[in-house]
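Colleague: Got a minute to walk me through this one? I'd like to start with the ligand and then move on.

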Amino acid sequence: MIIKKFSMKFYGEVVELWRKSGISVGSTDTKEELERVVRRTPQLFLVGKIYEKIISVVIGGFDGRRGYVHHLAVDPDYQKKGYGKMIMGELMNKFLELKVHKVHLFIEKYNKEVIEFYRNLGWEIRDDLIMMSYIPDKNLYKMRI
Ligand SMILES: CC(C)(COP(=O)(O)OP(=O)(O)OC[C@H]1O[C@@H](n2cnc3c(N)ncnc32)[C@H](O)[C@@H]1OP(=O)(O)O)[C@@H](O)C(=O)NCCC(=O)NCCS
């Protein structure tokens, strides 16, 4: 698998991959929103290709202090072959280059089985924190594309 920076020309294929892997594609995944991610931190938005097919994707975020991982997915036909570990490894290298001290991610409760994947990569569950969100427009948040 060759890992590359995401480019908008991959948009349709990446959205399909998210859908196929069970990731909810919502209001933050429109072309406009993903263009914004690319402008801000292009080095953290990665895709993995085998020949010309995109089989993995991850969006890294950096707010100037902490790192975040969003929408990691490997095509179900290619799972359990090490590609998830590989693209996460590349993203972690990019975070290290940015000298990020901590990287966070959020797992939806229905998706508990993915916990073991992250544990295997050295991630730990934080039981000293409670996540809260402020959502200015709840209709926008619920939007599915
Ligand atoms: C999570 C996901 C990205 C893992 O990708 P993958 O390519 O299948 O994972 P890998 O093959 O790189 O696995 C790396 C290691 O984790 C282990 N692992 C992977 N999935 C696992 C699971 N569900 N339970 C336990 N261990 C798992 C593998 O056995 C492997 O162990 P090893 O290094 O000892 O061989 C993939 O299952 C996926 O796309 N899931 C659907 C979308 C999703 O839930 N994304 C995360 C949102 S938070």
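Modeller: We'll take the ligand shell, then the core, one helix and one loop residue. Keep in mind that this is a predicted model.

Colleague: Fine. How many residues surround the ligand, and which are the closest?

Modeller: There are 21 around the ligand. Val74, Gln79, Gly84, Lys85 and Glu116 are the closest.

Colleague: Which element gives the most to that shell?

Modeller: Helix 4, with four residues. Strand 4 (67-74), helix 3 (83-97) and helix 4 (114-120) each supply at least two.

Colleague: And how do the shell residues divide into nonpolar, polar and charged?

Modeller: Nine are nonpolar, seven polar and five charged.

Colleague: Switching topic. Which residues have the most contacts inside the largest nonpolar core?

Modeller: Leu46, Val57, Val58 and Leu91, in a core of 19 residues. Helix 1 (11-20), strand 2 (45-50), strand 3 (53-62), strand 4 and helix 3 each supply at least two residues of this core. As background, nonpolar side chains in soluble globular proteins tend to be buried together.

Colleague: What is Leu91 in contact with, leaving aside neighbours within four places in sequence?

Modeller: Leu44, Leu46, Val58, Gly60 and Val69.

Colleague: Let's stay with helix 3. What span does it reach, and what would be expected?

Modeller: Helix 3 has 15 residues and runs 21 Å from its first C-alpha to its last. That is close to the 21 Å expected at 1.5 Å a residue.

Colleague: Which of its residues are buried?

Modeller: In helix 3 those are Gly84, Ile87, Met88, Leu91 and Phe95. They lie on the same side of helix 3, because they cover an arc of only 100 degrees around the axis.

Colleague: What is exposed on the other side of helix 3?

Modeller: Gly89, Asn93, Leu96 and Glu97.

Colleague: And what covers the buried residues?

Modeller: The cover includes strand 1 (2-5), strand 2, strand 3, strand 4, strand 5 (103-105) and helix 4.

Colleague: What phi does Lys99 take, just after helix 3?

Modeller: A positive one, about 60 degrees.

Colleague: Last topic, Asp29. Where does it lie?

Modeller: Asp29 is in the loop between helix 1 and helix 2 (31-40).

Colleague: Is Asp29 buried or exposed?

Modeller: Asp29 counts as buried, because it has 22 C-beta neighbours inside 10 Å and the cut-off is 20 or more.

Colleague: What is Asp29 in contact with, again leaving aside neighbours within four places?

Modeller: Val15, Leu34 and Ile145. As for Asn93, its C-alpha is separated from that of Asp29 by 24 Å, and the two are 64 residues apart along the chain.

Key: Residues numbered from 1 in each chain as written. Predicted model: local features only at pLDDT ≥ 70, side-chain atom pairs only at ≥ 80, totals over all residues. Near = placed C-beta within 6 Å. Nonpolar A, V, L, I, M, F, W, Y, C, P; charged D, E, K, R; others polar. Core = buried A, V, L, I, M, F, W, Y, C linked by C-beta atoms within 7 Å. Buried ≥ 20, exposed ≤ 12 C-beta atoms within 10 Å, placed from the backbone. Contact = placed C-beta atoms within 7 Å. Expected span 1.5 Å × (residues − 1). Arc of directions from axis to C-beta.
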